[in-house]
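Please walk me through this structure, starting with the chain as a whole and ending with its details.

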Amino acid sequence: MMTTEPASLEGLRVLYHSDDYIVVDKHWDIRIDSKMWYEKLTVQAQLRHHFPELADPSTYYGFRFCHQLDFSTSGALCVALNKAAAGWAYRCFKDRTVTKAYLALVRGLVHEETQTLGFSIGKNSSEGKTHMMCTEGTEGCENPKPCQTELTVLEYGLYDGDSVTKVLLQPLTGRTHQLRVHCSAIGHPIVGDFTYSSGADVTPYRMMLHAHLLHIPLEPQPLLVSAEDPFTPTADPKWLPQRTLRTLAATVEALLEQRAEEDRKNKEEERERARREVERRKGGRQRSNKEESEEQRRHCQEWLSEWAGE
């Protein structure tokens, strides 16, 4: 269980470990890696400390991180332990077949229980905000790109006396700071998000965003890992749930079933496209053979006519 204690070199929690992958529960107060000489405490350093034999000297950081989590985001983080495994995972992320779901506490009461957030996101070019992202149409927003997030309300309650909503967020795309920007764009910034609250949300000990679920459809065995929910009264007494709309377990189960159905349909469509392509090529060869036979008969008739006239 995550705690309010700061990160440490020894404090690495492993969720999954195989010959090809290791999935850790990233702390909320640590970077994945860093090029800054003075930044000694990173996930990469934790992995080197606990698993020195797994470090690969041919890589820049010693480990192949399959995806990214922000400095202030906790939860499931997958690391490939060899080049082949990194390639398999990369293809899944590239093809958008990976399922990720995040837990968050957001400010205020989100009245629309399920919604798709579709704000395009670009880089903020405004002075003093170049480290931030922004939504299309806002001042200084450069090169906005389409992105989508599915939001599902789980619970309503109080955090340190203020009204908040516990939500499950599923990013359907992977833009920088996507979940944080989308929540802020609907007027419900994530609790403790200093950056997207214009520096106002400074009281909580952390930003309340947690990578809860990670499903990578690897063959022959998919990788499915969940990082324990840190937003419970037991883990953080300042969080007081008041009304539950749906449980986390049931919501995640429904999400995975929906994704499995989508994958099944996609595979059927892919097989159908492949079948049509085979038929198209087969039909093309048959037409070609037929045309060739007619051409051969014509040449044969001409030859016979010439031979008969000699």
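The accessible surface of the protein chain amounts to about 17,600 Å², and carbon and sulfur atoms account for 50% of that area. The model shown is a predicted one. Of the 310 residues in the protein chain, 43% count as buried.

The protein chain contains four helices and 14 strands. Its radius of gyration is 27 Å, well over the 19 Å that the globule rule gives for 310 residues, so the chain is more spread out than a compact globule. The C-alpha trace spans about 110 × 50 × 45 Å along its principal axes. As for how the chain contacts itself, take the contacts between residues at least 6 apart in sequence: 64% of them join residues at least 24 apart.

The interior comes next. The largest nonpolar core has 47 residues, and those with the most contacts inside it are L47, F65, L168, L169, I190 and L209. Strand β5, which covers residues 99-107, gives the most to this core, with six residues. A second core of 16 residues is separate from it and includes Y21, C66, A80 and I216.

I190, one of the residues with the most contacts inside the largest core, shows what such a position looks like in detail. Leaving aside neighbours within four places in sequence, I190 is in contact with A104, L105 and V106. Those three positions fall within the 99-107 range of strand β5. I190 is also in contact with L179, R180 and C183, which are buried residues of helix α3. The remaining contacts of I190 are with D201, M207, M208 and L209, and L209 is itself among the residues with the most contacts inside the largest core.

Helix α3 deserves a look of its own. It runs over residues 178-185, and six of its eight residues are buried, so the helix is largely enclosed by the rest of the structure. The buried ones are Q178, L179, R180, V181, H182 and C183. Just after α3, G187 takes a positive phi of about 85°.

The last stop is on the surface. Which residues form a nonpolar patch there? They are M36, W37 and Y38, which together have about 430 Å² of accessible area. W37 lies in the loop between β2 (21-26) and α1 (43-50). Residues over 50% relative accessibility count as exposed, and W37 counts as exposed because its value is 67%.

Notes: Residues are numbered from 1 along each chain as its sequence is written. This is a predicted model: local features need pLDDT of at least 70, side-chain atom pairs count only at pLDDT 80 or more; totals for chains, interfaces and linings use all residues. Side-chain values use heavy atoms; hydrogens and water are left out. Patches are made of residues with over 30% relative accessible area and no salt bridge: like charges are joined within 9 Å, nonpolar side chains (Val, Leu, Ile, Met, Phe, Trp, Tyr) within 5 Å. Accessible areas come from the Shrake-Rupley method with a 1.4 Å probe; for residues, only the protein chains shown count as cover. A salt bridge is a side-chain nitrogen of Lys or Arg within 4 Å of a carboxyl oxygen of Asp or Glu. Helices (H or I, at least four residues) and strands (E, at least two) are DSSP runs, numbered from the N terminus. Buried means under 20% relative accessible area, exposed over 50%, partly exposed in between (1.4 Å probe, protein chains only). The radius of gyration is taken over C-alpha atoms; the globule rule is 2.2 Å times the number of residues to the power 0.38. Contact means heavy atoms within 4.5 Å. A nonpolar core is a set of buried Ala, Val, Leu, Ile, Met, Phe, Trp, Tyr and Cys residues joined through side-chain atoms within 4.5 Å.
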